[in-house]
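I opened this entry to keep track of what I looked up. The notes follow in the order of looking.

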Amino acid sequence: METDSTRLADLMLNDRGFVFDPNTGESYQVSATGLTCLRGLQRGATVNELVAELVATCGVEPITARCDTDAFVWELNQLGWL
Amino acid sequence: MHRGDNPQPGSSIVGALRLAWPDAFIVGLVYNAFESGIYAADGPDVCHAMPYPTAGLAAYLTRLAEVKEATPFDWFMPTFDAEIALLAGAVGELAGLGIGVVLPEPATLTQCGKARLPQVAAKWGVAIPDTAVARDLSEALEHAALAGYPVFIKGPFYDATLVRTPAALAAAGAAILADWGPPLIVQEPLSGSEFNVMGLGDGTGGLLGHCAVRKLIISDKGKGNGSVVVRDLRLDEITRKVIAETRWRGPFELEFIRDQRDDAYRLIEINPRFPAWAGFPAKLGANFPAAWVEWMCCGTCRPLPTLPPGRFFLRHQIEVTGDMEQIATLLEALPEITNQKLTTKSKAS
């Protein structure tokens with residue numbers, strides 16, 4: 001999945017997982033894993049690449065990483081970020 | 001000039017002007033000796049009590065002339081909707097008194113008032129909440145019965161009350177009629193985040209600058225006690241459309257709700273003045289009141305930077321101090337007006 005969403009690109013993130021959406025003025029707190037995914041998506045990573053990164057950095061099974069990433073991406077879609 | 005639980009724009013504007021010109025001579029016009037901004041450290045150099053605009057144009061201009069004679073000033077920036085409605089058609093009379101003012105055209109004000117907004121917004125292609133305009137309580141009750149409760153009942157300038165029953169509507173509507181007169185506006189309540197856009201129109205359809213915020217903290221009076229700068233091209237586009245269509249001249253505030261049902265912005269109202277948060281962008285380098293003074297004086301103004309999203313303000317109440325002698329001075333100037341208002345609620349400036 002390729003993403004080039006302006007909304008996603010505009011998100012303001014800090015290293016502690018605080019996310020500010022300048023479009024809506026809403027703010028969020030994401031986990032370290034969520035932050036990895038968001039930054040990956042901002043760089044243009046695919047879901048497969050995110051899963052591979054989580055498997056490599058978090059030591060989780062590929063199936064678990066895939067499920068969690070899919071759920072996270074679904075939530076981002078609900079927010080209109082993708 | 002009040003900055004309490006229902007803050008008004010005047011004090012914020014004075015503070016912004018002080019940022020640009022610390023030594024400017026600023027005259028504050030007030031309706032109530034207990035307006036807290038009178039006593040603020042960065043407040044006006046002098047304050048005078050004014051009659052409410054409901055006293056009529058002649059009384060208002062007579063008092064302005066007295067104020068100008070006592071404490072000469074060159075430019076006047078009304079910050080109260082009812083003042084602006086009264087004075088928009090009296091620019092010539094004000095010039096005759098040596099008072100410079102730049103205001104929207106009277107026709108523009110009428111067009112953008114709450115009563116006409118449903119018609120003009122449809123023409124502009126700008127979404128608004130379902131709204132009906134009533135000449136009296138009876139019509140308002142009919143509109144509400146058709147729309148279904150709850151509804152907002154609003155006056156032509158101020159006051160908006162959410163009512164859930166005909167009895168509540170009648171009570172709120174009667175209070176609005178007593179304070180402001182007709183019409184009454186019956187409007188559907190919307191769920192969603194509230195956004196405001198403040199800016200300056202150049203009178204030819206262009207924008208000198210604007211700043212969009214989302215309310216973070218909303219008081220029980222519906223006031224934004226905290227807001228954050230946002231950037232949404234849709235909001236910018238609607239703002240540009242409204243200002244272009246109206247050829248708006250001067251300060252404005254557009255109030256929106258981002259409707260949860262379809263994520264669309266719906267325009268709630270157009271305020272023909274700076275909002276109470278006008279001092280916030282000024283502190284970050286976008287001084288709209290100073291730019292407007294420059295525009296009035298010179299026909300041009302300093303560039304207004306676009307503020308970055310994420311900057312926010314929180315309203316912070318402090319105690320200001322005064323002496324009863326100051327109250328007495330204000331009362332003596334206009335006893336027939338200010339004495340009675342000392343014990344009533346403040347609505348203005």
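I listed the contacts of B:G226 in this predicted model, leaving aside its neighbours within four places in sequence. The residues in contact with B:G226 are B:L216, B:I217, B:F312, B:F313, B:L314 and B:R315. I placed B:G226 itself in strand 9 of chain B, residues 224-229. For B:H316 I noted a C-alpha to C-alpha distance of 9.3 Å from B:G226, across 90 residues of sequence. I then checked exposure: B:G226 has 17 C-beta neighbours inside 10 Å, so it counts as partly exposed.

Next, a helix pair in chain B. I looked up helix 1 (residues 9-20) of chain B and helix 11 (residues 288-298) of chain B, whose axes come within 7 Å and cross at roughly 75°. The two helices are therefore roughly perpendicular to each other. From helix 1 of chain B, I recorded B:I13, B:A16, B:L17 and B:A20, which meet B:P289, B:A290 and B:V293 of helix 11 of chain B. By class, I have seven nonpolar residues in this contact, no polar ones and no charged ones.

Last, the sheet in chain A. I found three strands in an open sheet, ordered 1-2-3, with antiparallel pairing. Strand 1 (12-13) and strand 3 (27-29) of chain A stand at the edges with a single partner strand each, so each has one side without a neighbour in the sheet. Between strand 2 (residues 18-20) of chain A and strand 3 of chain A, I noted three bridges, the strands running antiparallel. For A:F18 I wrote down A:Q29 in strand 3 of chain A as the bridge partner.

Key:
Residues are numbered from 1 along each chain as its sequence is written. Chains are lettered from A and ligands numbered from 1 in the order in which they are written. This is a predicted model: local features need pLDDT of at least 70, side-chain atom pairs count only at pLDDT 80 or more; totals for chains, interfaces and linings use all residues. Axes are lines fitted to C-alpha atoms, for helices over the stretch in contact, and angles run from 0 to 180 degrees between N-to-C directions. Helices (H or I, at least four residues) and strands (E, at least two) are DSSP runs, numbered from the N terminus. Angles under 35 degrees count as roughly parallel, over 145 as roughly antiparallel, 65 to 115 as roughly perpendicular and the rest as oblique. Two residues are in contact if their C-beta atoms, placed from the backbone, lie within 7 Å. Ala, Val, Leu, Ile, Met, Phe, Trp, Tyr, Cys and Pro count as nonpolar, Asp, Glu, Lys and Arg as charged, and the others, Gly among them, as polar. A residue is buried if 20 or more other C-beta atoms lie within 10 Å of its own, exposed if 12 or fewer, and partly exposed in between; C-beta atoms are placed from the backbone. Two strands pair if DSSP finds at least two bridges between them.
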